[in-house]
Amino acid sequence: MKFTRGDFAIDKDYDAKLRNKIDALLTATKNKKNIQPTLVTTYGLKMNMYSNRIQRVVTMDALFEKAI
């Protein structure tokens, strides 16, 4: 989960951390299935050359949506 005052931007360093975390998870669990990184963030994900690693984005609007 990430809190920012605007859209969250993934940079080169954070992309490397994500890749390492995914690799560690696959190694530890010996999982052969696909990992789908999901970002839970206040506002959203800023699209850039590193944002394609994230498969799903959940924003606070979706978390706090009012029932009709």
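Visitor: Is Thr38 buried, partly exposed or exposed, and what is its relative accessible area?
Guide: This is a predicted model, and Thr38 sits in strand 1. Residues under 20% count as buried and those over 50% as exposed. Thr38 falls in between, so it is partly exposed, with a relative accessible area of 45%.

Visitor: Which residues does Thr38 touch, not counting residues up to four places away in sequence?
Guide: Contact here means heavy atoms within 4.5 Å. With residues up to four places away in sequence set aside, Thr38 touches Arg56 and Val58.

Visitor: How far apart are the C-alpha atoms of Thr38 and Ala24?
Guide: Along the chain, Thr38 and Ala24 are 14 residues apart. In space, their C-alpha atoms are separated by 16 Å.

Visitor: Where is Thr41, and does it count as buried or exposed?
Guide: Thr41 is a residue of strand 1. Its relative accessibility is 3%. The limit for a buried residue is under 20%, so Thr41 counts as buried.

Visitor: With which residues is Thr41 in contact, leaving aside neighbours within four places in sequence?
Guide: The contacts of Thr41 include Lys2, Thr4 and Phe8. The rest of the list for Thr41 is Val57, Val58, Thr59 and Met60.

Visitor: What is the relative accessible area of Val40?
Guide: Val40 lies in strand 1. Leaving aside neighbours within four places in sequence, Val40 is in contact with Met1, Lys2, Val58 and Leu63. Val40 is partly exposed, and its relative accessible area is 22%.

Visitor: How far apart in space are Val40 and Arg56, C-alpha to C-alpha?
Guide: In sequence, 16 residues separate Val40 and Arg56. Taken from C-alpha to C-alpha, the distance between Val40 and Arg56 is 8.6 Å.

Visitor: Which residue has a positive phi although it is not a glycine?
Guide: Most residues other than glycine have a negative phi. A phi of about 55° is found at a residue in the loop between helix 1 and strand 1. That residue is exposed, at 66% relative accessibility. The residue is Lys30.

Visitor: Which element gives the most to the lining of the largest pocket?
Guide: The largest pocket has a volume of about 270 Å³ and is lined by 16 residues. Those nearest its centre are Tyr14, Leu18, Lys21, Pro37 and Thr38. Helix 1 (12–29) and strand 1 (38–41) each supply at least two residues of the lining. With five residues, the element that gives the most is helix 1.

Visitor: How many residues of the lining of the largest pocket are nonpolar, polar and charged?
Guide: Two residues of the lining are polar and two are charged. The nonpolar residues of the lining number twelve.

Visitor: In what order do the elements of the protein run from the N terminus?
Guide: The secondary structure comes to two helices and two strands. From the N terminus on, the order is α-β-β-α.

Visitor: Why is the protein said to be more spread out than a compact globule?
Guide: The C-alpha trace spans about 45 × 30 × 15 Å along its principal axes. For 68 residues the globule rule gives a radius of gyration of 11 Å. The protein is more spread out than a compact globule because its own radius is well over that, at 14 Å.

Visitor: What share of the 68 residues in the protein is buried?
Guide: The protein exposes about 5700 Å², of which carbon and sulfur atoms supply 54%. Of the 68 residues, the buried share is 25%.

Notes:
Residues numbered from 1 in each chain as written. Predicted model: local features only at pLDDT ≥ 70, side-chain atom pairs only at ≥ 80, totals over all residues. Heavy atoms only, no water. 1 Å grid on protein atoms, 1.4 Å probe; cavity = no way out; pocket = protein on both sides within 12 Å on 5 of 7 lines; lining within 4 Å. Points joined across faces, edges and corners; volume = space filled by probe spheres on them. Helix = DSSP H or I, 4+ residues; strand = E, 2+ residues; numbered from the N terminus. Nonpolar A, V, L, I, M, F, W, Y, C, P; charged D, E, K, R; others polar. Rg over C-alpha atoms; globule rule 2.2 N^0.38 Å. Buried < 20%, exposed > 50% of the residue type's maximum accessible area, 1.4 Å probe, protein only. Areas by Shrake-Rupley, 256 points an atom, 1.4 Å probe, with all protein chains shown as cover.
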